Structures are given as C-alpha cells and as structure tokens.
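Here are some short exercises to work through with the model open beside you. Try each task first, then follow the solution step by step.

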Amino acid sequence: MTPPLRPPPTPPPSSPAMINRERNDNESEPLVFDASSLRHETHIPAEYIWPDDEKPGPDPPPIFLVPPIDLGGFLAGDPVAATNAILLVGEACRKHGFFLVVNHGVSAQLINEAHRKMDFFFGMPLSEKQRAQRKAGDHRGYSSSFTGRFSSKLPWKETLSFRYCDDPQSPNVVEEYFLSTMGEDFREFGRVYQEYCEAMSKLSLGIMELLGTSLGVGPSHFREFFEGNESIMRLNYYPPCQRPDLTLGTGPHCDPTSLTILHQDDVGGLQVHVDGKWHSILPTPQAFVVNIGDTFMALSNGIYKSCLHRAVVNSRSPRKSLTFFLSPKLDKLVSPPTGLLVNSSTQRIYPDFTWTALLQFTQKHYRADMKTLHAFSHWLIQCTKDNS
C-alpha cells in the first residue's frame with residue numbers, strides 16, 4: 001500500500017532537482033513571461049539562461065532516423081506488419097524508449113483543427129490567457145514558463161494543460177473544463193480537444209497492445225490496465241528567442257507519465273538522447289512521435305526505457321506541439337506483471353506506487369528531470385520506513 005504523500009525527512013541523494021528552486025513567498029513579484037515582447041529581446045534574463053553543460057551546442061546535432069511503425073497493420077493482424085512492428089518497438093524501447101507510429105487512424109482534419117485552435121489560444125493577449133492560469137500544485141491550466149514555480153533554468157515556452165478522463169461518468173470533461181474556465185466562447189475550443197483526447201486515448205490503447213505483445217505479456221494486459229485512463233493533454237508554444245544558444249524550450253527530462261504521444265508542427269526542435277549524444281527529430285506530419293515515460297518503465301520492471309529528451313528554440317519561428325500524456329487511473333497500483341516480467345530470477349527494480357503519488361511528487365517536491373523515477377523510488381521507500 002502506498003503511504004500518504006508527505007515530504008521526506010531528508011532529500012534523496014543526487015537530487016539537484018528537489019524543489020529548493022520554488023519561488024519564495026517573500027520574493028518580489030514573479031517574472032512574467034510575455035512572449036509578445038520577449039521574442040524580440042536580445043538581452044535574455046538570467047532566469048532563462050541554462051548552465052553551460054545543458055545549453056544547446058553551436059551546431060545542430062545529427063538527425064535521428066527511426067523506421068516508422070505501422071500500427072494499423074499490427075492491429076489489423078497483418079502478419080508481416082505485426083512481426084515488423086513488434087521487432088521495431090522492442091528494439092527501440094529497450095534502447096532509448098522513442099519511436100514513430102504511422103497508419104494510426106487519427107483524422108488529419110482533426111489534427112489540423114487542434115493545431116489551429118492552439119494558434120488561436122497562444123495568439124491571445126497575455127491577460128486573456130491568464131484567465132486559465134495554472135494554480136500552485138495543480139497540473140491544469142495556463143503556464144508562462146513556470147515562473148510561479150521556479151526561479152532558475154526557466155523554459156522558453158508557454159503551455160496550456162488540462163485533464164482527460166476515459167470514463168463514461170465523465171464523458172465531456174474537457175469541454176466542461178473550458179466552459180467553466182474560459183466561458184461560452186470556448187465551447188467549440190473544448191469540443192475540438194475533447195475529440196482529440198478521445199482519439200489519443202484510443203490510439204494509446206492500440207499502442208499498449210503492441211507494447212504488451214512485444215514484452216510477451218499479450219495484447220490485453222496493458223490495454224486493460226489503461227482503460228479508464230486519467231490522462232493529461234498539453235499544448236506547447238515555444239516563441240522565437242534572439243539568443244537560442246543560451247536557453248531551452250524544455251530542459252532535459254524523462255516524462256513521469258506512462259506514454260507520451262506528440263504531434264509537432266513543421267518547425268522542429270525536439271531532440272532525444274541516444275548513444276550518449278543529442279539527436280534531432282525531424283517533423284513528420286503523418287506520424288506521431290511516441291516515447292515511453294517513467295510510469296511505464298516501472299510497469300515493465302525497467303525493461304523498456306523512459307526516453308530522455310528536450311526541446312530547443314530558434315530565433316525565427318515559433319514552434320508548437322500537441323502532447324498527450326497517457327496515465328492510468330489515479331488509484332491504479334503500478335506494479336509489473338508477476339510471473340512474466342517479475343519472477344524468482346528477476347529482481348524488482350522499483351517499488352509499487354500509484355500514479356497519484358508520482359504526480360504529486362513532481363508537482364510539490366521535485367522538478368521532473370532524467371532522475372525522477374530514481375528519486376521518487378528512494379523517497380517512497382523512505383516514507384514507508386518512517387511509517388512502519
């Protein structure tokens with residue numbers, strides 16, 4: 001049983017991201033990231049300048065070429081497509097946790113409409129966007145560079161995040177969120193993202209069939225685990241920066257969620273860390289970028305790797321992306337299948353936990369990076385000892 005969430009008595013070792021960077025209540029007014037003005041600034045505020053060992057290099061990194069996975073062929077039972085898909089996803093997830101899917105069944109019209117609505121939102125004046133302002137400790141709402149949470153290594157971006165629930169009892173949770181937060185004028189906006197989230201949830205379950213098959217636990221195990229998922233949708237906007245060599249749109253991190261499904265615009269800026277160096281991922285309009293997150297790495301007992309990635313910015317064009325973070329029901333126990341991925345000869349790598357506990361850990365105690373799951377596991381074990 002996962003213990004109640006509370007701060008650990010001592011920080012986990014090697015955890016520079018423990019949120020000692022939270023803004024202090026006694027500090028002056030927090031920074032305001034107003035993209036309409038900052039995009040023209042040649043003097044970048046210190047809070048947005050990253051350490052030298054994390055800044056993007058002067059030269060673009062090599063392009064990472066990944067064979068796209070034919071998901072539709074796998075789900076349709078095409079033997080050649082299925083064999084190829086299982087092989088490709090297994091190799092990718094054991095090595096770095098990143099792959100592309102095509103023939104995914106999501107309407108191009110829906111994807112385009114979701115991008116247009118994103119353009120509309122981030123094109124509004126800052127005061128209008130702030131009507132959906134993210135509250136402290138909450139993962140939902142509008143955020144301008146996380147200026148209310150952190151005071152250093154701030155990302156050069158704006159985001160809008162909201163909850164999706166694959167539950168017949170909450171059939172229109174996205175629409176209802178925008179109606180209550182932004183008003184009647186956003187009814188159509190909410191409808192588009194309700195439909196988009198439903199498509200992402202369906203796509204996620206198909207990918208889970210592929211992952212389960214490739215791991216040898218069968219197509220239904222992980223699909224059933226994520227039915228009724230309580231996931232997060234995020235719209236990302238990276239404005240131009242006149243000194244892109246000093247900052248990052250998103251710092252190096254692994255997603256704490258289970259599976260990330262991303263659709264990029266045509267600008268580019270996503271990079272993944274493979275074989276000890278960064279690689280660029282070229283935008284592919286007909287494909288979704290998919291990466292394994294920490295929660296699924298724990299579900300696979302470390303066999304499939306959480307993908308280390310980041311986003312860079314440029315001085316010319318804004319970049320936008322649609323990101324769906326698949327997560328299980330909040331009270332689901334995250335534990336690898338006994339007798340399949342865990343047996344007498346295989347040691348457990350991570351303790352059991354609920355998604356609620358990991359989500360709150362990243363919202364209240366830890367800034368997500370490449371060591372989040374390690375720090376969380378240490379923290380959870382320490383809490384268990386303190387409660388025993």
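**Exercise 1. Find the strands that pair with β12.**
Task: In this predicted model, work out how strand β7 pairs with β12, then do likewise for β5.

Solution:
- Step 1. Start with β7, residues 259–264: six bridges link this strand to β12, in the antiparallel sense.
- Step 2. Pick one residue pair as a landmark: leucine 262 has threonine 323 of β12 as its bridge partner.
- Step 3. Turn to β5, residues 230–238, which runs antiparallel to β12 and is joined to it by seven bridges.
- Step 4. A landmark here is isoleucine 232, which stands opposite phenylalanine 325 of β12.

As background, strands in a sheet pair through backbone hydrogen bonds, in either a parallel or an antiparallel way.

**Exercise 2. Judge the surroundings of β12.**
Task: Decide whether the two faces of β12 are covered or not covered.

Solution:
- Step 1. On one side you will find Arg319, Ser321, Thr323 and Phe325, all buried.
- Step 2. On the other side sit Lys320, Leu322, Phe324 and Leu326, and these are all buried too.
- Step 3. Both faces are therefore covered, and with eight of its eight residues buried, β12 (residues 319–326) is largely enclosed by the rest of the structure.

**Exercise 3. Lay out an open sheet.**
Task: Give the strand order of the open sheet of four strands and say which strands stand at its edges.

Solution:
- Step 1. The order is β6-β11-β8-β9, and the pairing is antiparallel.
- Step 2. β6 (250–253) and β9 (277–280) each have a single partner strand, so they stand at the edges, and one side of each lacks a neighbour in the sheet.
- Step 3. From one strand to the next, the twist averages 25 degrees.
- Step 4. Zoom in on β8 (residues 270–274): four bridges join it to β9, running antiparallel. Histidine 273 has tryptophan 278 in β9 as its bridge partner.

**Exercise 4. Place one serine.**
Task: Is serine 214 buried or exposed, and which residues does it touch?

Solution:
- Step 1. Locate serine 214 in helix α7, residues 187–215.
- Step 2. Its relative accessibility is 14%; buried means under 20%, so serine 214 counts as buried.
- Step 3. Leaving out residues up to four places away in sequence, serine 214 touches Ile86, Val89, Arg94 and Tyr304.
- Step 4. A polar atom of the serine 214 side chain lies 2.8 Å from the backbone oxygen of leucine 211.

**Exercise 5. Check the confidence.**
Task: Where does pLDDT stay under 50?

Solution:
- Step 1. The chain has a mean pLDDT of 89, with 90% of its residues at 70 or more.
- Step 2. Over residues 1–27, pLDDT stays under 50.
- Step 3. Predicted coordinates should not be read in detail where pLDDT is low.

Definitions and conventions
Residues numbered from 1 in each chain as written. Predicted model: local features only at pLDDT ≥ 70, side-chain atom pairs only at ≥ 80, totals over all residues. Heavy atoms only, no water. Buried < 20%, exposed > 50% of the residue type's maximum accessible area, 1.4 Å probe, protein only. Polar contact = N/O pair within 3.5 Å; in protein donor to acceptor, adjacent residues only side chain to side chain. Contact = heavy atoms within 4.5 Å. Pairing = 2+ DSSP bridges. Axes fitted to C-alpha atoms, helices over the stretch in contact; angles between N-to-C directions. pLDDT = per-residue confidence, 0-100.
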